[in-house]
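Me: I'd like to go through the aromatic rings in this one and check what the labels rest on. Can you take my questions one at a time?

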Amino acid sequence: MELYLDLHSQPCRSVFLFATAVGIPFEFKLVDLSKGQQHSEEFGKISPMRRVPVMKDGSFVLTESTAILKYLVQKHASVADHWFPAELQQRARVNEYLSWQHMNLRAHGSKVFLLKALFPVVMDAEVPKEKMDAAVEDLNQSLKMLEEKFLQSKPFIIGDKVSLADLVAIVEIMQPVGVGVDVFEGRPTLSAWRERVKKAIGEQLFDEGHELIMTASSLMQKMQNNSQLEMLKPKFRKLFS
């Protein structure tokens, strides 16, 4: 099995961390987003969507991180049930979080990251304070919902054990952390949950998976020196406008 990944990407990290943590063998195929490799002819033959992650299992190609995660769970009988429980209501809770997060925590955390990491490079200017403040406020609202609706007083999102929901949540939260926005400050419940998730995944593996994003300043430097940047600028300018 081949996994096409760039660990700057939150969905890629979730797939990488899960497959590694549960011992599913795979070949890591780097698609360097900072070099625009997702737009290459070679990668386009694998996935016309030109996004990562992509899984290639024999001749079967699958995109979308949550689809890949569920496929891996259901294919490999050795994966512990708590990751994606067979019990109807617990599985529904995992699916509920995965459905919610895409347009909430993922969208808001990504926006803060992009404003901090790419806006100055693409727009040749600092991020307007009101734009950044609005993005951080949206992220704060999503974090509040994660704590009050999904976590509550439980150790993990669905109860006493870690699941795909926790894994997908933590990689999204670490994205703004990588550009200096410490979302855990003043949030003891969220901080304690992060430590439990790290321990469940494996602290060394967790740190390995987040090593690139915790040095996001290097991504900005790579983008500035990248001939592909001009091709990507119109897309990001539309996003930032």
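What follows is a short exchange about ring pairs, burial and charges over rings in this predicted model.

Me: How many aromatic pairs are there by the distance rule?

Reply: The count comes to eight aromatic pairs.

Me: What makes F16 and F26 an edge-to-face pair?

Reply: Their centres are 6.2 Å apart and the planes make 85 degrees. Pairing needs centres within 6.5 Å, and edge-to-face needs over 60 degrees, so both conditions hold. This pair links distant parts of the chain: F16 sits in helix α1, F26 in the loop between α1 and β2, 10 residues apart. Ring pairs also join F16 and F26 with F28 in a cluster.

Me: Why is F16 called buried, and why is F26 called partly exposed?

Reply: F16 has a relative accessible area of 6%, and buried means under 20%, so the label fits. F26 has 23%, which falls between 20% and 50%, so F26 is partly exposed.

Me: Why is the pair of Y97 and W100 called tilted?

Reply: The planes are at 50 degrees, neither under 30 nor over 60, so tilted is what remains. The centres are 5.6 Å apart. Y97 and W100 are three residues apart in helix α4, about one helical turn, and both are buried.

Me: How do you know that the charged end of R194 sits over the ring of F184?

Reply: R194 comes to 4.1 Å from the ring centre, and the cut-off for the distance is 6 Å. K149 lies over the face of F150 too, at 5.2 Å from the ring centre.

Key
Residues numbered from 1 in each chain as written. Predicted model: local features only at pLDDT ≥ 70, side-chain atom pairs only at ≥ 80, totals over all residues. Heavy atoms only, no water. Phe/Tyr/Trp six-rings, centres within 6.5 Å; stacked < 30°, edge-to-face > 60°. Helix = DSSP H or I, 4+ residues; strand = E, 2+ residues; numbered from the N terminus. Buried < 20%, exposed > 50% of the residue type's maximum accessible area, 1.4 Å probe, protein only. Lys NZ or Arg CZ within 6 Å of the ring centre and 35° of its normal.
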